[in-house]
Amino acid sequence: SASVRPMISYWVYLLYTLAKIVSLVIAIKSSLPLNQIVNVIYTEFDGVLLGSITSFWFIDRSMKKIGSR
């Protein structure tokens, strides 16, 4: 089915967002300084995860356009 990959991506983004919201709430309740909150919310792993999913979709689309010529 063509909708499997998009649905999995949406699910991962949804879970990621919910996990980050929980982390943000916990960090704020712990009275951490803003610079530490940013370090808790966005790590190197987060950048790799989001970059991988996003680039997958853009590269897939580009490759389909190249292949259709």
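**Asking why about a predicted model**

Me: Leaving aside its neighbours within four places in sequence, what is aspartate 46 in contact with?
Reply: Three residues come up: Tyr16, Lys20 and Ile41. Keep in mind that we're looking at a predicted model. Aspartate 46 has its place in helix α3, residues 44–67.

Me: And why is aspartate 46 called buried?
Reply: Check the value against the cut-off. Aspartate 46 has a relative accessible area of 3%, and buried means under 20%. Since 3% is under 20%, aspartate 46 counts as buried.

Me: How do you know that isoleucine 21 is only partly exposed?
Reply: Same game, another residue. Isoleucine 21 sits in helix α1 and has 45% relative accessibility. Exposed would need over 50%, and buried would need under 20%. The 45% falls in between, so isoleucine 21 is partly exposed.

Me: How far apart are isoleucine 21 and isoleucine 41, in sequence and in space?
Reply: In sequence they are 20 residues apart, while C-alpha to C-alpha they are 8.4 Å apart in space.

Me: Let's turn to the helices. What makes α1 and α2 roughly antiparallel?
Reply: It's the angle. The axes of α1 (residues 4–29) and α2 (residues 34–41) come within 9 Å and cross at roughly 155 degrees. Angles over 145 count as roughly antiparallel, so with roughly 155 degrees this pair earns the label.

Me: Which residues make the contact between α1 and α2?
Reply: On the α1 side you'll find Lys20, Ser23, Leu24, Ala27 and Ile28, and on the α2 side Ile37, Val40 and Ile41. Sorted by class, that contact has 6 nonpolar, 1 polar and 1 charged residues.

Me: Which hand does the crossing of α1 and α2 have?
Reply: α1 passes α2 in a right-handed crossing.

Me: Okay, zoom out. How many helices and strands does the protein have?
Reply: There are 3 helices and 0 strands, and from the N terminus on the elements run α-α-α.

Me: How do you know that the protein doesn't match a compact globule of 69 residues?
Reply: Set the two radii of gyration side by side. A compact globule of 69 residues would have one near 11 Å, but this protein has 17 Å. The C-alpha atoms fill a box of roughly 55 × 25 × 10 Å along the principal axes.

Me: What share of the 69 residues is buried?
Reply: Buried residues make up 13% of them. Aspartate 46, with its 3% relative accessible area, is one of the buried ones.

Note on methods. Residues are numbered from 1 along each chain as its sequence is written. This is a predicted model: local features need pLDDT of at least 70, side-chain atom pairs count only at pLDDT 80 or more; totals for chains, interfaces and linings use all residues. Side-chain values use heavy atoms; hydrogens and water are left out. Axes are lines fitted to C-alpha atoms, for helices over the stretch in contact, and angles run from 0 to 180 degrees between N-to-C directions. Helices (H or I, at least four residues) and strands (E, at least two) are DSSP runs, numbered from the N terminus. Angles under 35 degrees count as roughly parallel, over 145 as roughly antiparallel, 65 to 115 as roughly perpendicular and the rest as oblique. A crossing is left-handed if the near helix is turned anticlockwise from the far one by less than a right angle, and right-handed if clockwise. Contact means heavy atoms within 4.5 Å. Ala, Val, Leu, Ile, Met, Phe, Trp, Tyr, Cys and Pro count as nonpolar, Asp, Glu, Lys and Arg as charged, and the others, Gly among them, as polar. The radius of gyration is taken over C-alpha atoms; the globule rule is 2.2 Å times the number of residues to the power 0.38. Buried means under 20% relative accessible area, exposed over 50%, partly exposed in between (1.4 Å probe, protein chains only).
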